[in-house]
Amino acid sequence: MFKVFICLCFISTAFAQRLPSPQGFYSKGTILFAQQLPLEGEGFMRLFVHRDRGFGSLEMLNLIKRAALEMNLRYPMRDRMQLGDIAQMKGGQISRHNSHQNGLDADIAYFRVNGMEQLPDVFDGFNEDMVINGKISENFDFERNWELMKTLHRYGKVQRIFVDEVVKREVCHHAISIGEHDEHVEVLRSLRPFDNHKHHMHVRIRCPDTAKKCVAQEETPAGSGCELL
Ligand SMILES: [Zn+2]
């Protein structure tokens, strides 16, 4: 009887607090009680705001806010992190994506050398490709994009960052050229070449420990993957 009481108390507390709870898989899931990322905050802004896809898990929203804050401290007065789609309020399938269904995926525009921010609601997509005819654009900011990737990993929740294959190759070369390959093998390991990521990186975090109905994805192969490129 006592156990039942404890259990019921726990459930009612969780519901009373309405903590976000990712359910299912990244490409076949939903999220309960998702929280919404503000339109802007210190070091970040949301794009495509008319789509209303700024909802996510607590872990994802905190990750974005902390990373943006850190990048802003390190590179003050520069362009902000520009967030594309995360998920819709209750999760589930949305146009343009297979995943982004359980609040654990988020798109971030690559930082640009020229520091341009795109308007939050004019374009219906990211407005600048950073890979042109198989080559990385001169406007791709290696220093800040690499710093952002490392920063995102600092909290131990990121499992994958989907990028264009040219971006992976060039970021590998950059890390090697500045002597950071060995120290950051896990960051490089998480970079997964995937089509349609010429203008943004897609950050995926692991299921939170508290989300018992969240379906985990297998870990990526060991090693940075740079030697294959
Ligand atoms: Zn995405």
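# Report on strand S8, a zinc site and a helix pair

Both faces of strand S8 are covered: Asp105, Asp107 and Ala109 are buried on one side, and Ala106 and Ile108 are buried on the other. The structure described here is a predicted model.

Strand S8 spans residues 105-109, and five of its five residues are buried, so the strand is largely enclosed by the rest of the structure. Its pairing partner is strand S13, residues 200-205; the two run in the antiparallel sense and are joined over five bridges. Within this pairing, Asp105 of S8 has Arg204 of S13 as its bridge partner.

The two strands also take part in a metal site. Three residues supply the protein donors of the zinc ion: His100 through NE2, Asp107 through OD and His202 through ND1, at 2.0 to 2.2 Å from the ion. Along the chain, the donors follow the spacing H-x6-D-x94-H. Asp107 in strand S8 and His202 in strand S13 are 95 residues apart, and this pair links distant parts of the chain. Asp107 and His202 are both buried.

The next topic is a pair of helices. Two packed helices are described by the angle between their axes and by the distance between those axes. For helix H3 (residues 142-153) and helix H4 (residues 165-177), the axes come within 11 Å and cross at roughly 90°. Helices whose axes cross at 65 to 115 degrees count as roughly perpendicular, and H3 and H4 are therefore roughly perpendicular to each other. On the H3 side, the contact is formed by Phe142, Glu143, Trp146 and Met149, which meet Glu170, Val171, His174 and Ala175 in H4. The residues of this contact divide into five nonpolar, one polar and two charged.

One of the contact residues in H4 is His174. Is His174 buried or exposed? Its relative accessibility is 16%, and His174 therefore counts as buried, since buried means under 20% relative accessible area. Leaving aside residues up to four places away in sequence, His174 touches Phe142, Glu143 and Trp146. The C-alpha atoms of His174 and Phe142 are 7.3 Å apart in space, while the two residues are 32 residues apart in sequence.

Glu128 belongs to the loop between S8 and strand S9 (131-132). With a relative accessibility of 22%, Glu128 counts as partly exposed. When residues up to four places away in sequence are not counted, Glu128 touches Arg112, Ser137, Asn139, Lys198 and His199. Glu128 and Cys172 are 44 residues apart in sequence, and their C-alpha atoms are 22 Å apart in space.

Two loop residues deserve a note on backbone geometry. Most residues other than glycine have a negative phi. Met77 is not a glycine, yet it has a positive phi of about 65°; Asn133, also not a glycine, has a positive phi of about 50°. The table sets out the two residues.

| Residue | Phi | Loop | Relative accessibility |
|---|---|---|---|
| Met77 | about 65° | between helix H2 (58-74) and strand S7 (81-83) | 81%, exposed |
| Asn133 | about 50° | between S9 and strand S10 (135-136) | 78%, exposed |

Conventions: Residues are numbered from 1 along each chain as its sequence is written. This is a predicted model: local features need pLDDT of at least 70, side-chain atom pairs count only at pLDDT 80 or more; totals for chains, interfaces and linings use all residues. Side-chain values use heavy atoms; hydrogens and water are left out. Buried means under 20% relative accessible area, exposed over 50%, partly exposed in between (1.4 Å probe, protein chains only). Helices (H or I, at least four residues) and strands (E, at least two) are DSSP runs, numbered from the N terminus. Two strands pair if DSSP finds at least two bridges between them. Axes are lines fitted to C-alpha atoms, for helices over the stretch in contact, and angles run from 0 to 180 degrees between N-to-C directions. Angles under 35 degrees count as roughly parallel, over 145 as roughly antiparallel, 65 to 115 as roughly perpendicular and the rest as oblique. Contact means heavy atoms within 4.5 Å. Ala, Val, Leu, Ile, Met, Phe, Trp, Tyr, Cys and Pro count as nonpolar, Asp, Glu, Lys and Arg as charged, and the others, Gly among them, as polar. Donors are N, O and S atoms within 2.8 Å of the metal (3.2 Å for Na, K and Ca); water is not among the atoms, so sites may look incomplete.
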